[in-house]
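Reader: I have a structure open and would like to go through parts of it. Can we start with the strands and then move on?

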Amino acid sequence: MTTSTTVGAPQAPAAGRRSRKKTASAPTGTDRIPKPSQGWYRVKGTDLKLRRVTTILEQGTSKGDALTFWAGNITAETAMDNLPYLVSASLYPEQRTEAYDWLRRAHTRKKDERKDVGSAVHKLIEAQVLGTPMPAELLTDPELTPFLDHFLTFVEEWQVTFEASEMVVGNEDEGYAGTLDYLLRSSLIAAALADYFGTEVPADTVFCGDTKTGGELDVKGVYPEASLQMAAYRKAKVAWLRDGTKVPMPATFWSGVVLHLRPEGYRLIPAVADDAVFDAFLTVKRNAEWTSGLSKTVIRPALTLPATITERAA
């Protein structure tokens, strides 16, 4: 039960007399899979829009001072590594402005670099899981080679089989959708989680899985938001298969696993995604709706005295 992001070809128009009023044909094949656009997943053939899970997490949660400190550290490191250039540029107004803009965007460049690596690694993993050709430009990138090697080691060591990869799932009642990394089975993961949580986990249990590529092993890189995201996917009601067929979301265990991939190795991290975490996700969703919607309308322009009061004062 695997899916990809391939879009099907449009249907040819039916033969016969054309109606004066143009009507869109019902989507078929892979065109039935909702596609992300501007923070939403739009379900073709309907007016339904489902808010994107990652957008919900971006708008509804905040790591507080952590991101501020991170951005400050990146800027300071960049400045120290480029002192000669900054000192020289400070002597000339035009170069000073250019250097200032370059330095203040240091954390943005770093974030984009990490995002690019993460996206590339996900493409390699998807191709590996689905058994499709891997993009040649990614396979020849030396920066990505250790990530793929460690992923293959993870699959071999934990004897993993995959049920789905990059599958769009949604909960129309709660109004959200997203693309999960993969569903997997592993008797070794089942045994490890059973031992860790002190509960029974059948060997053929299906687990939600996610891959993270940032941070450092055993230090940082897997944050609580990963559990919120996984809980949202677990509690989806429907899923779209690779051919566009809409099916009920498969049942999964209440804890998923996050594969933390780094050039130096990997770690498999349990991520609790039970009912309590899902309730927390719904709270985050409401907060995101406040942040992106209602909050923009509640503070109005300053009041002015009524004209009659002004005239009396005059």
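Author: What follows is a short chat about one strand, the nonpolar cores and a pair of helices. This is a predicted model, where local features need pLDDT of at least 70, side-chain atom pairs count only at pLDDT 80 or more, and totals for chains, interfaces and linings use all residues. Residues are numbered from 1 along each chain as its sequence is written, and side-chain values use heavy atoms, with hydrogens and water left out.

Reader: Ok. Why is strand β6 largely enclosed?

Author: Six of the seven residues of β6 (residues 206–212) are buried, so the rest of the structure largely encloses this strand. Buried means under 20% relative accessible area, with exposed over 50% and partly exposed in between (1.4 Å probe, protein chains only). Strands are DSSP runs of E with at least two residues, helices are runs of H or I with at least four, and both are numbered from the N terminus.

Reader: Which way do β5 and β6 run?

Author: β5 (residues 176–185) and β6 run antiparallel, joined by four bridges. L184 has F207 as its bridge partner in β6. Strand β9 (residues 255–262) pairs with β6 in the parallel sense, also over four bridges. Two strands pair if DSSP finds at least two bridges between them.

Reader: What stands opposite L259 in β9?

Author: T211 does, and T211 lies in β6.

Reader: Is T211 buried or exposed?

Author: T211 counts as buried, because its relative accessibility is 3%. The side chains of T211 and Y182 share a polar contact of 2.7 Å. A polar contact is a pair of N or O atoms within 3.5 Å; within protein, one must be able to donate a hydrogen and the other to accept it, and residues adjacent in sequence count only if both atoms are side-chain atoms.

Reader: New topic. How many residues are in the largest nonpolar core?

Author: That core has 31 residues, and M167, V169, L183 and F281 have the most contacts inside it. A nonpolar core is a set of buried Ala, Val, Leu, Ile, Met, Phe, Trp, Tyr and Cys residues joined through side-chain atoms within 4.5 Å. Among the elements that each supply at least two residues of this core are α1 (53–60) and α9 (225–234).

Reader: And how many residues of α9 are buried?

Author: Ten of its ten residues are buried.

Reader: Where do α1 and α9 make contact?

Author: V53, T54 and L57 of α1 meet E225, L228, Q229, A232 and Y233 of α9. Contact means heavy atoms within 4.5 Å.
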